Amino acid sequence: MKKIPSSEITPYHVYLSRREFLKGAGIVSAGALLAAACATKPAAENTPSPVTSVSAQTDDFGDPLNTYEEINNYNNYYEFTTDKKRVASLAQDFRTSPWEVEVSGLVNKPRTFGLEDLLKMFPQGERIYRLRCVEAWSMVIPWQGFPLASLLKEVEPLSSAKYVRFEAVYTPDAMPGQKSKFYPWPYTEGLRLDEAMHDLTLLATGLYGTPLSPQSGAPLRLVVPWKYGFKSIKAIVKIELMEYPPDTLWHTVAPQEYGFYANVNPNVDHPRWSQATERRIGESQRRPTLMFNGYEEEVASLYEGMDLKRNF
Ligand code: MTE
């Protein structure tokens with residue numbers, strides 16, 4: 001496995017101006033149009049057909065993209081079910097429009113955004129990221145979306161804001177898994193503000209050039225590629241800036257197993273299994289897990305001086 005040197009990793013603004021991206025932008029604005037077209041209908045009537053003309057067929061390690069079918073038929077989405085292969089069918093009629101996201105807390109300009117506002121305000125770019133679940137499976141996914149930082153800058157965080165809390169939708173009538181009393185619904189997650197502002201941190205609206213399917217977290221989900229997948233919360237309705245670390249669903253349920261940071265780390269095992277290797281969906285051999293899921297050069301400085309075994 002060959003890693004491209006960091007000098008060749010393109011910063012987002014350069015990435016945006018690339019010719020390939022211009023091609024991608026065409027795809028994405030078509031995606032945005034499709035999202036707008038979906039606005040009046042439930043998702044099931046609009047099962048998106050995959051657009052495979054992504055800007056690359058591999059990630060920056062040369063690993064092939066997972067297929068649209070793999071990405072959309074093996075999902076973690078506990079609001080529906082704990083059975084990864086049944087999420088797609090249980091979620092197919094889930095209404096993802098109209099949709100609003102409230103951004104509030106320690107900010108100068110709190111505001112509620114409609115999904116259409118977000119699609120209009122922030123240019124949608126393509127990002128091919130690896131997703132590594134804490135359960136030790138992984139995929140490579142071509143997302144569309146925009147940096148969370150763009151949205152946060154828009155609401156102007158106060159200097160007292162140090163953390164960001166994310167809340168997913170709560171609709172137990174539409175989401176059968178939310179009837180389970182075992183989990184403290186709604187699903188919540190959190191980041192430190194500097195993690196949230198990092199250029200790699202994405203709010204995803206689509207993948208493979210089509211709007212997100214319900215099972216992938218439509219219409220808006222977080223993607224934090226250097227952290228275990230559970231940080232990448234789906235179906236976000238609320239983003240709140242806070243002074244202190246927020247409570248999060250998995251940390252509340254099992255703090256000894258799921259830390260607040262949840263950085264991918266092959267040297268810190270889950271109490272019940274090793275994190276040294278992973279199973280890439282579609283491959284038969286396990287492969288080594290990389291520090292920070294391969295994004296070490298980009299993010300290691302965020303954790304300088306921290307004990308990553310304690311702050312797992
Ligand atoms: N977001 C919500 N709202 N509910 C969930 O159950 N599961 C998380 C994360 N986001 C989850 C969620 C977990 S454990 C993982 S690994 C990823 O979503 C999986 O994303 P995928 O199904 O798109 O691969």
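Two strands count as paired if DSSP finds at least two bridges between them. With that in hand, the strands of this predicted model can be walked through one partner at a time.

Strand β4 (residues 137-147) makes a good starting point: 11 of its 11 residues are buried, so the strand is mostly covered. One of its partners is strand β3 (residues 125-132), which runs antiparallel to β4 and is joined to it by eight bridges. Within this pairing, glycine 125 has glycine 145 of β4 as its bridge partner. The hairpin of β3 and β4 has four residues between the strands, and here alanine 136 takes a positive phi near 80°. Glycine 145 turns up again in another pairing, as its bridge partner in β7 is alanine 204. Strand β7 (residues 202-207) and β4 are antiparallel too, with five bridges joining them. With β11, β4 pairs in the parallel sense, over two bridges. At this spot, tryptophan 137 stands opposite arginine 279 in β11.

Next come the charged side chains. Side chains of opposite charge can pair when their charged atoms come close. The count for this structure is 16 salt bridges. One of them brings together lysine 231 and glutamate 189, with 2.7 Å from N to O. These two sit in distant parts of the chain, 42 residues apart: lysine 231 belongs to the loop between β9 and β10, while glutamate 189 is in strand β6 (residues 188-192). Are the two partners buried or exposed? Lysine 231 has a relative accessibility of 1%, so it counts as buried, and glutamate 189, at 1%, counts as buried as well. Lysine 231 has another contact to show: it lies over the face of phenylalanine 260, 4.3 Å from the ring centre.

Another salt bridge joins aspartate 194 and arginine 192, at 2.8 Å from N to O. Here the two ends get different labels, because buried means under 20% relative accessible area. Aspartate 194, at 33%, counts as partly exposed, whereas arginine 192, at 13%, is buried. Over in β11, glutamate 278 forms a salt bridge with arginine 280, and their closest N and O atoms are 3.6 Å apart. Both glutamate 278 and arginine 280 are buried. They also belong to a network of salt bridges that links Asp63, Arg132, Glu278, Arg280, Glu283 and Arg287.

That leaves the aromatic rings. A pair of such rings is described by the distance of the centres and the angle of the planes. Searching the whole structure turns up 18 aromatic pairs. In one of them, the ring centres of tyrosine 183 and tryptophan 185 are 5.5 Å apart and the planes meet at 55°, so this pair is tilted. Both of these residues are buried. How are the rings of phenylalanine 230 and tyrosine 258 arranged? They form an edge-to-face pair, 5.4 Å centre to centre and with 80° between the planes. This contact, too, links distant parts of the chain, 28 residues apart: phenylalanine 230 lies in the loop between β9 (221-223) and β10 (236-242), and tyrosine 258 in the loop between α8 (249-253) and β11 (277-280). Phenylalanine 230 counts as buried at 8% relative accessibility, and tyrosine 258 is buried with a relative accessible area of 9%. The four rings just described are part of one aromatic cluster, made up of Tyr78, Phe182, Tyr183, Trp185, Phe230, Trp250 and Tyr258.

Methods: Residues are numbered from 1 along each chain as its sequence is written. This is a predicted model: local features need pLDDT of at least 70, side-chain atom pairs count only at pLDDT 80 or more; totals for chains, interfaces and linings use all residues. Side-chain values use heavy atoms; hydrogens and water are left out. Rings of Phe, Tyr and Trp (its six-membered ring) pair if their centres lie within 6.5 Å; planes under 30 degrees apart count as stacked, over 60 as edge-to-face and the rest as tilted. Buried means under 20% relative accessible area, exposed over 50%, partly exposed in between (1.4 Å probe, protein chains only). A charge sits over a ring if NZ of Lys or CZ of Arg is within 6 Å of the ring centre and within 35 degrees of the ring normal. A salt bridge is a side-chain nitrogen of Lys or Arg within 4 Å of a carboxyl oxygen of Asp or Glu.
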